[in-house]
Amino acid sequence: RPLRQGDHTGVDAVCTYRTQPSAPPLDRVGLYHEVSNKTSGITRLGPYSLDKDTLYTNGGHYFLVFPIFFLSAALPAGTGNFTVNFTVTNLQYSSSLRNPSSAEFSAAARALTALLDQLFKKTSIHPVYRGCKMMAFRPAQKDEGTRVDAVCTYERDSAASQFDRITLYHEMSNKTNSITSLGVYSLDQESLYINGYNKPLERPAPGIATTPRPASRNFTLNFTLTNLPYSADLETPSSRRFISTMKVINHYIDPLFKSSNISSAYTGCKVIRFRSVSNTGNTGVDAVCSYKNNIRFDREKVYHELSIMTKGITKLGHYSLEKNSLYINDITRKPVLTEAPAKLGYRLTFRIVNENLTNPDSQSPEYKAAVEHISNKMNQLYHQSNLRDQFLNCSITRLRAGSIVVDCNCFFQPDPSINRAVVETAFQDGTSNATGLWLGSSYRLKELSVDTIEAVTYKTPLKSGKENFRLSFRISNLPYSPELQDSSSQMYQVNKEKIEKELDVFQRSSLRDYFAGCTVESFGPVHGKTYINVVSTCKFTLDPSQTLQKQEVYEELTRLTHGFTKLGPSYELEEQSLVAEGYFPLKVDEQESKRPELQYWAILLICVFTLLGFILLLLLCFLIIFCLRRKSHLYQVQQGMYGVYFPHLNTR
C-alpha cells in the first residue's frame with residue numbers, strides 16, 4: 001500500500017504458528033524486540049531500508065496487525081494495553097473501512113469507541129481505564145459482517161490496576177447480553193477476544209432452535225446543538241442529565257426518520273455520547289441509527305431530507321443547530337462535478353505613476369511582492385464595491401517595468417446588470433478622490449482601460465485528495481536580509497525550518513485530522529518596511545466527500561496565533577497581514593485606509609483658510625461691537641405735546 005504521498009511502500013503480511021496447550025502464549029513484546037534487534041533497530045531488512053516507527057506485529061491467528069508502539073516502551077510510564085476483538089454482524093464491510101482516513105472508518109470508529117468507553121466504565125477496571133482506539137476493520141470470515149480490532153489502555157501503577165483478561169471477558173460478555181449486542185450493533189457470539197482470551201461457547205442442546213436475528217444495518221448521525229451548553233455530567237451515561245437529554249433528542253429524531261424515505265425500514269436511533277465542541281461551549285451529539293436491510297440506503301438523500309425537515313439545519317425541536325454540523329455516516333454533502341455558467345471576465349490595465357519596478361523578472365522578490373500587494377488591493381476594492389455579491393476574484397497577469405503598468409483580470413458571476421461600463425465605474429468610484437485615482441493609499445493611477453474577456457465556462461472541482469493552501473504573512477521582528485533569498489544560506493535554512501515547525505500549530509486545531517504539513521516557499525522584502533514577507537504552502541489531506549474552505553484555514557490560523565499577532569515564542573506577526581489563497585476579511589480600519597491621505601500642501605491650504613476665516617470672524621465681531629458703542633452716545637429725541645425734548649437732560 002502507498003505511504004507518505006506514494007513515496008514509500010507499506011507491507012502487510014500474515015504469519016501462522018501452531019498453538020499447543022502446553023506452550024506459553026505468544027509474547028508480542030518479546031517478538032517485537034527480537035525483530036527490532038535482527039533488523040538493526042528496525043532500519044534494514046536485507047537490501048531494503050525500513051522506517052523505524054512502522055513495525056507492526058500480529059497478536060495471533062485471529063488478530064489483525066496493530067501498531068506495536070501501543071505495547072512497547074513508547075507507552076506513557078505506568079500504563080498498559082490490552083486488545084479487544086469482536087465481529088459486528090450488522091455492520092457490512094466495505095473497502096472504505098480498510099482506509100483509516102476514510103469517512104466510513106472515522107464514523108464507525110467514533111461510534112464503537114464511545115460504546116466501548118461506556119461499557120468498560122461499568123466493569124472492574126473502570127478506576128484505571130484510560131480509553132480504547134480502533135486499529136482496524138476487516139471482513140468477517142463467516143458472513144458480511146465486520147471484524148473489529150481495538151487496543152485499550154489502562155493504568156497499572158496502583159494495586160487496583162491488576163489486569164485479569166478472563167474476568168474482563170466475562171464482565172464484557174454479561175454486559176453485551178452474552179456477546180450478542182453492543183449498543184445498536186449485533187455481535188457474533190463466538191467472536192469476542194480479550195487479549196487473546198476466548199471462552200468456548202456452550203452450544204445449545206440438539207433440537208433447540210435459536211431465533212435468528214433480523215438482518216439490519218447501522219449509520220451514524222452527528223450534529224451540534226448551539227443552545228445546549230456542554231457540562232461534565234453529559235459525559236456520564238448514567239447521569240440524570242445525560243438520560244433526560246438523550247430521551248428528548250430521540251423524541252425529536254424519530255419523527256424525522258419516520259417521515260423520510262427510509263421510514264419503512266427505520267428501527268430507531270440511540271445517542272451514544274455528548275461531546276464538547278472546541279472553543280464554543282456547544283454540545284455535539286453522536287448517535288447510531290439502525291434500519292432493516294431490505295432497502296437501499298442513500299445517505300445523500302437522507303441528509304437532504306433531514307436538512308429540509310430541520311429548516312436548513314437550524315432547528316431540532318426546541319434546540320438550535322449549528323448549520324454545518326449535520327453528518328450522516330460522516331458525510332455532510334455530496335461533492336458533485338458540475339459545470340457552472342460562464343463567468344464574466346474583464347481585463348483592467350492602468351499605470352502606477354508614483355512607483356517604479358526595477359526588476360521585471362516574474363520570479364524576483366520585488367516583482368512577487370508588487371504582484372501580491374496590488375492583487376490584494378484590487379480584491380479589496382471590489383469586495384467593498386456595489387458588485388461585491390457577484391465579484392469572484394482579481395489576479396495580476398503582468399507588470400511592466402518603469403512606472404508600473406498593471407494588467408489585471410477580474411471575474412464576476414454572471415449577472416445581467418454587470419457589463420464593462422459597470423466594472424469600470426465601480427473601479428473609479430473606489431479609487432477617485434479630489435486629487436485623482438488612488439488604489440488604496442499607496443498607488444496613484446493613470447491611463448485606466450477596461451476590456452471584456454471572452455466568457456469562460458469552468459467546472460467546479462471535485463474536492464478530493466490533497467488541498468494546498470498558499471499562505472502569505474509578514475514577520476515584524478525578523479529583519480530582511482538578502483541571505484533570506486539564498487536557499488543555500490544558513491539563515492534561510494534555519495528560519496525556514498523554524499517557521500515550518502511553528503506552522504505545525506495546525507496540529508492543535510480542529511483541522512488536525514487533515515493537516516499534512518506546511519512548507520516555506522520564499523522570503524521577500526516588504527515595501528517600505530525593514531522586515532520580511534513569508535510565502536508558504538500548507539497541505540491538508542481530505543476525503544472525496546470533504547471540502548475545506550480558505551476562510552476556515554484563515555480563521556483557524558488567526559485563532560491559534562492570538563489574533564495573528566504571534567507565531568510561536570519567537571516570531572511577532574504584522575496583524576492583518578495574513579492572506580490565505582487570496583482571502584482576507586475586510587476590516588473597518590482597512591476600509592478607512594482605502595481613502596487616500598491628503599497631501600501636505602492640501603493640509604497647509606486648509607490650515608491657512610481656517611486661520612483667515614477665524615480672523616474675518618474676529619473683525620466682524622469687532623465692527624458689530626464698535627457700531628453698538630457709537631449708537632449708545634446718540635441722543636434720543638422724543639416728540640411731546642410741548643414740542644421736542646431730550647429725556648436724558650436733567651431739567652432740575
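Is Cys152 buried or exposed, going by its relative accessible area? Cys152 is buried, with a relative accessible area of 0%. Keep in mind that this is a predicted model. The tour below starts with the cysteines, moves on to two helices and a sheet, and ends at a loop residue.

**Disulfides: the overall picture**
- The model has four disulfides by the distance rule.
- Counting bonded cysteines along the chain, the links run 1-2, 3-4, 5-6, 7-8.

**Cys132 and Cys152**
- The sulfur atoms of Cys132 and Cys152 sit 1.9 Å apart, and the two residues form a disulfide.
- This bridge connects distant parts of the chain, with Cys132 in strand β8 (residues 129-139) and Cys152 in strand β9 (residues 146-155), 20 residues apart.
- The torsion about their S-S bond is about 100°, so this disulfide is right-handed.
- Cys132 has 12% relative accessibility and so counts as buried, and its partner Cys152 is buried at 0%.

**Cys269 and Cys289**
- Here the sulfurs are 1.8 Å apart, and Cys269 and Cys289 make a disulfide.
- Cys269 belongs to strand β14 (residues 266-276) and Cys289 to strand β15 (residues 283-292), so the bond ties together parts that are 20 residues apart in sequence.
- The S-S bond of Cys269 and Cys289 shows 105°, a right-handed link.
- Cys269 and Cys289 are both buried.

**Cys394 and Cys410, with two other cysteines**
- Cys394 and Cys410 are joined as a disulfide, with 2.0 Å between their sulfur atoms.
- With Cys394 in strand β20 (residues 391-400) and Cys410 in strand β21 (residues 402-412), the pair ties together parts 16 residues apart in sequence.
- A torsion of about 110° about the S-S bond of Cys394 and Cys410 makes this disulfide right-handed.
- Both Cys394 and Cys410 are buried.
- Why is the sulfur of Cys408 not in a bond with that of Cys410? Cys410 holds the closest cysteine sulfur to that of Cys408, but at 3.8 Å it is too far for a bond.
- Cys408 is buried too, at 0% relative accessibility.
- Cys621, on the other hand, is partly exposed, with a relative accessible area of 39%.

**Helix α2**
- Helix α2 (residues 103-120) has 18 residues and covers 26 Å from its first C-alpha to its last, close to the 26 Å expected at 1.5 Å a residue.
- This helix is mostly covered, as 14 of its 18 residues are buried.

**Helix α4**
- The 19 residues of helix α4 (residues 240-258) should span 27 Å at 1.5 Å a residue, and the end C-alpha atoms are indeed 27 Å apart.
- Buried residues of α4 are Phe242, Thr245, Met246, Ile249, Asn250, Ile253, Leu256 and Phe257.
- Those residues take up an arc of only 140° around the axis, which puts them on the same side of α4.
- An α-helix has 3.6 residues a turn, so residues three or four places apart point the same way.
- Arg240, Lys247, His251 and Lys258 are exposed on the other side of α4.
- What do the buried residues of α4 pack against? Their partners are β13 (216-225), β14, β15, α5 (299-309), β16 (315-316) and β17 (319-320).

**The four-stranded sheet**
- Four strands build an open sheet, ordered β14-β15-β13-β18, with antiparallel pairing.
- The edges are β14 and β18 (327-328); each has a single partner strand, so one side of each is left without a neighbour in the sheet.
- β13 and β18 run antiparallel and are joined by two bridges.
- Leu221 has Ile328, in β18, as its bridge partner.
- Helix α2 packs on this sheet, touching β13, β14 and β15, and its direction makes about 75° with that of β14.
- The disulfide of Cys269 and Cys289 links two strands of this sheet, as Cys269 lies in β14 and Cys289 in β15.

**Asp415**
- Asp415 is found in the loop between β21 and α7 (420-431).
- With 24% relative accessibility, Asp415 counts as partly exposed.
- Leaving out residues up to four places away in sequence, Asp415 touches Leu344 and Gln390.
- Asp415 and Leu344 are 71 residues apart in sequence, yet 8.4 Å apart in space, C-alpha to C-alpha.

Key
Residues are numbered from 1 along each chain as its sequence is written. This is a predicted model: local features need pLDDT of at least 70, side-chain atom pairs count only at pLDDT 80 or more; totals for chains, interfaces and linings use all residues. Side-chain values use heavy atoms; hydrogens and water are left out. A disulfide is a pair of cysteine sulfur atoms within 2.5 Å. Buried means under 20% relative accessible area, exposed over 50%, partly exposed in between (1.4 Å probe, protein chains only). The expected span of a helix is 1.5 Å times one less than its number of residues. The arc is that of the directions from the helix axis to the C-beta atoms. Contact means heavy atoms within 4.5 Å. Two strands pair if DSSP finds at least two bridges between them. Axes are lines fitted to C-alpha atoms, for helices over the stretch in contact, and angles run from 0 to 180 degrees between N-to-C directions.
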